[in-house]
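Here's a quick tour of one structure, written for someone at the bench. Have a look at the sequence and the model before reading on.

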Amino acid sequence: GSTIGILGGGQLGRMIAIAAAQLGYRTHIYAPEDSGPAADVSPNWTRGEYEDAAALGDFADSVDVVTYEFENIDPSAVEVLATHGLVRPGAQALRVAQDRLAEKRFVCDLGGLTAPFAPVESLDDLESAIGQVGSRAILKTNRMGYDGKGQARLSEPGDAVGAWNAIGRQSAILEGFVTFDQEFSVILVRGHDGAVRFWDSSANVHVDGILATSTVPAGALIEGQVEQARAMARRIADALDYVGVLTCEFFASADGPVFNEMAPRVHNSGHWTIEGAVTSQFENHVRAICGLPLGDTALAARGVAMRNLIGDEAHEWQAILSDPANHLHLYGKHEARPGRKMGHVTRLSL
Ligand code: ATP
Ligand code: MG
Ligand code: MG
């Protein structure tokens, strides 16, 4: 049997490992922690840093294909990794998706619509960026942000100093605030042969910067913009010669779908596909990176609703299980810290 190497040992790695095991593959996690949600289901675990190019190279040599649930590995380590065997999705996808500025420029070059943006390396830059994109804006660190972390909102020019300090005075991007009605994601899988399949797009609701719910069908407004958003996501995937699952987040605005960001991996807004689609995002990711035919992405119910269990919400598990329609997923995290994703629950309407 073959072994899939996974960079990152969180819940996404756990769910990739479960899908891999079902298809007869072994998995080997590489992560900076001693253990994590993926440890319960993956037979091998190597502790190592994402900046350690030599250790990453050794890891890549010890497995048949490398994939990741965490894209923020050091750029120089990405180069080394790519010389040590098969990395799917490839180094170019990692480079683009881990840097918000590179990502926005890449999508604009492909003809996509994004928020107006400007690079920010200093307080002076920020002042002139405000002149360019307006004072109603969001300052985001270029790298490492997730769940709304590393972001500061501005509503007037006088907010510049506070925002610059709030994000820790580091390489950033200023984005004009987009007026939108709803958010949605396009999740696709692209095979090694270039074949592309899309799952239905879910309407995503965020609370305090963290995904709270994903619902399919997404409703008329989003459905009216999905075709254009899919065309954009496909152009991105083709341009990166992408292999695996790719997620693109969009705002449904009056001007059509506005690209927000991409994740070069399986995504929280696709967890509903485990029960709600013929083939889940995790299974199709494994199929794609292992060069297998892709499974059907069609919806397997009339509708699906996924809700994240954040922090203490995971303590509701008994009540959740008392309704036989609920599918409960817990990630095996021991400490229910506020804002921490502990699990999720999925309901199908049949
Ligand atoms: P994720 O956990 O999805 O990776 P993130 O930390 O990378 O999140 P973003 O997706 O960039 O952050 O932003 C988080 C949320 O903030 C978005 O889902 C959206 O609701 C809001 N947001 C981000 N950028 C803008 C913008 N330019 N205009 C208006 N709202 C925005
Ligand atoms: Mg993000
Ligand atoms: Mg996001």
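## Around the ligand

How do the residues of the shell around ligand 1 divide into nonpolar, polar and charged? In this predicted model, the split is 5 nonpolar, 5 polar and 6 charged.

The shell holds 16 residues, and the ones that come nearest to ligand 1 are Ala115, Tyr146, Asp147, Glu175 and Val178. Domain 2 (116-176) and domain 3 (182-349) each put at least three residues into that shell.

## How the domains meet

The domain assignment splits the chain into domain 1 (3-87), domain 2 (116-176) and domain 3 (182-349). Take domain 1 and domain 3: their centres, worked out over C-alpha atoms, sit 22 Å apart. Their contact uses 18 residues from domain 1 and 16 residues from domain 3.

On the domain 1 side, the elements giving two or more residues are helix H1 (11-22) and strand E4 (65-68). H1 gives the most, with 8 residues. By class, this side of domain 1 has 12 nonpolar, 2 polar and 4 charged residues.

## A pair of helices

Now for helix H2 (residues 53-61) and helix H3 (residues 75-83), whose axes come within 9 Å and cross at roughly 30 degrees. Because angles under 35 degrees count as roughly parallel, H2 is roughly parallel to H3. The crossing of H2 past H3 is right-handed.

H2 brings Ala53, Leu56, Gly57 and Ala60 to the contact, while H3 brings Ser76, Ala77, Val80 and Leu81. Sorted by class, the contact of H2 with H3 has 6 nonpolar and 2 polar residues, with no charged ones.

Key: Residues numbered from 1 in each chain as written. Chains lettered and ligands numbered in written order. Predicted model: local features only at pLDDT ≥ 70, side-chain atom pairs only at ≥ 80, totals over all residues. Near = placed C-beta within 6 Å. Nonpolar A, V, L, I, M, F, W, Y, C, P; charged D, E, K, R; others polar. Domains from an automatic or database assignment. Axes fitted to C-alpha atoms, helices over the stretch in contact; angles between N-to-C directions. Helix = DSSP H or I, 4+ residues; strand = E, 2+ residues; numbered from the N terminus. Parallel < 35°, antiparallel > 145°, perpendicular 65-115°, else oblique. Left-handed = near helix turned anticlockwise from the far one by under 90°. Contact = placed C-beta atoms within 7 Å.
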